[in-house]
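Here are my notes, as promised, from going through this one with a cup of coffee. Have the viewer open while you read.

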Amino acid sequence: MSSYETILVERREAVTLVTLNRPQALNALNSQVLDDLLAAMAAFDADATQGCAVVTGSERAFAAGADIKEMQSQGFADMYAHDFFAGWDRFTRTRKPIIAAVSGYALGGGCELAMMCDFILAADNAKFGQPEIKLAVSPGMGGSQRLTRAVGKAKAMEMCLTGRMMDAAEAERAGLASRVVQAAEVVEEAVKTAATIAGMAPLAVLANKEMVNAAFETSLSAGVQFERRLFHGLFGTADQKEGMAAFVEKRPGAWTGK
Ligand code: CAA
């Protein structure tokens, strides 16, 4: 267990479990949470024994947003000069996969953090929303873009304009969450899923994450070309030889990460 001010970080074999830990503020994301998460994710990426991370909160709240009390007195000049929230872009540059295990409220920045992860496992009590409009502001950590890409314009626009929350079943139907599981099991299920990913050949994991993410950044033809080149590149790895030999010999692969 590593020590941070606002998060708990636990290594479960090859899985890094990160738990947001500001219960008094429903895990509201202040600058310290960002600093702690960035440090934890940098350590995770750099640690060759770690293959996949899970980010979670409490059963009541994944995170109820950016910290309103921290932002309340800020003016345009401060926000603009410091490019407030730009640090979150570094979280999205984590190269290994991150699963969000979402119980309870994932609102505003909480919903945005969940969407910065590679996929979302939702507990049956999860509630997703972008209620910033009720504070006379807007999403600021990517919600207007990532939510729209995840659920389409109609639902994203309605949620941003009204602040309406989406429950877990709707989130799964709409493509925001990959699956819904019981609240009591969501963290264990996410850790189990992360362990499956961590058991894959590491270079193939990086390549798969990179190519799916390319779908959001490029045209179809450029994305397909990018995928094909990474696919070709994997044939230069020892693990590809091992993976295909293991299939033919009907045994599990033993990866070297080379
Ligand atoms: N920032 C700071 N503190 C917060 C917070 C937030 N986003 N959300 C909750 N808290 C605090 C509350 O102020 C309260 O603290 P006190 O006990 O000191 O008063 C504590 O957490 C418990 O919250 P509530 O008493 O409000 O709990 P509830 O069960 O009655 O309501 C809730 C839960 C519906 C989630 C409600 O807390 C709420 O509406 N929170 C704010 C949601 C929100 O607007 N999020 C967007 C923030 S802006 C943003 O995220 C910008 C962006 O794009 C990144």
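The points below cover the pockets, the salt bridges, one helix and a few single residues.

1. First, a reminder: this is a predicted model. Please keep that in mind for every value that follows.

2. Start with the largest pocket, which comes out at about 1,100 Å³. Its lining counts 33 residues, and C117, D118, V212, N213 and F216 are the closest to the centre. Where does the largest pocket lie relative to domain 1 and domain 2? It sits between them, because domain 1 (7-199) and domain 2 (202-249) both give residues to its lining.

3. Which element gives the most to that lining? Helix α10 does, with 8 residues. The elements that each supply at least two lining residues are α5, β8, α6 (143-151) and α10. If you care about the chemistry of the wall, the lining of the largest pocket splits into 19 nonpolar, 7 polar and 7 charged residues.

4. D118 deserves a second look. Besides being among the residues closest to the centre of the largest pocket, D118 makes a salt bridge with K209, with 2.9 Å between the closest N and O atoms. This pair ties together distant parts of the chain, 91 residues apart: D118 is in the loop between α5 (109-116) and β8 (119-123), while K209 belongs to helix α10 (residues 202-214). Are the two partners buried or exposed? D118 is partly exposed at 28% relative accessibility, whereas K209 is buried at 12%.

5. Now the second largest pocket, with a volume of about 630 Å³. It has 26 lining residues, and those nearest its centre are M71, F85, E132, V137 and S138. Helices α2 (68-71), α3 (76-81) and α5 each put at least two residues into this lining, and α3 gives the most, with 3. By class, the lining of the second largest pocket holds 15 nonpolar, 8 polar and 3 charged residues.

6. F85 comes up again when you look at backbone angles. Most residues other than glycine have a negative phi. F85 is not a glycine, yet its phi is positive, at about 85 degrees. You'll find F85 in the loop between α3 and α4 (88-92). With a relative accessibility of 18%, F85 counts as buried, since the cut-off for that is under 20%.

7. N27 is another non-glycine residue with a positive phi, here about 60 degrees. N27 is in the loop between β3 (15-20) and α1 (31-46). Is N27 buried or exposed? Its relative accessibility is 3%, so N27 counts as buried.

8. Back to the salt bridges: the structure has 13 of them. One pairs R251 with E249, at 2.8 Å from N to O, and R251 is partly exposed, with 33% relative accessible area. Salt bridges with shared partners also connect K155, E158, R164 and E170 into a single network.

9. Helix α9 (residues 186-198) looks regular in its length. Its 13 residues reach 18 Å from first C-alpha to last, close to the 18 Å expected at 1.5 Å a residue. Which residues of α9 are buried? They are V186, E189, A190, V191, T193, A194 and I197.

10. E189 from that buried set has a salt-bridge partner in K192, at 3.8 Å from N to O. Why are K192 and E189 separated by about one helical turn? Because they are 3 residues apart in helix α9. In general, an α-helix has 3.6 residues a turn, so residues three or four places apart point the same way. The burial of the pair is worth checking in the viewer: E189 is on the buried list, while K192 is exposed at 55% relative accessible area.

11. Last, M211, which is in helix α10. M211 is buried, with a relative accessible area of 17%. If you want a distance to check your setup, take M211 and E172: they are 39 residues apart in sequence, and their C-alpha atoms are 23 Å apart in space.

Note on methods
Residues are numbered from 1 along each chain as its sequence is written. This is a predicted model: local features need pLDDT of at least 70, side-chain atom pairs count only at pLDDT 80 or more; totals for chains, interfaces and linings use all residues. Side-chain values use heavy atoms; hydrogens and water are left out. Helices (H or I, at least four residues) and strands (E, at least two) are DSSP runs, numbered from the N terminus. The expected span of a helix is 1.5 Å times one less than its number of residues. Buried means under 20% relative accessible area, exposed over 50%, partly exposed in between (1.4 Å probe, protein chains only). A salt bridge is a side-chain nitrogen of Lys or Arg within 4 Å of a carboxyl oxygen of Asp or Glu. On a 1 Å grid over the protein atoms alone, a cavity is a set of points where a 1.4 Å probe fits but cannot get out, and a pocket is an open set with protein on both sides within 12 Å along at least five of seven lines; lining residues have an atom within 4 Å of a point. Grid points are joined across faces, edges and corners, and a volume is the space filled by probe spheres set on the points. Ala, Val, Leu, Ile, Met, Phe, Trp, Tyr, Cys and Pro count as nonpolar, Asp, Glu, Lys and Arg as charged, and the others, Gly among them, as polar. Domain bounds come from an automatic or database domain assignment.
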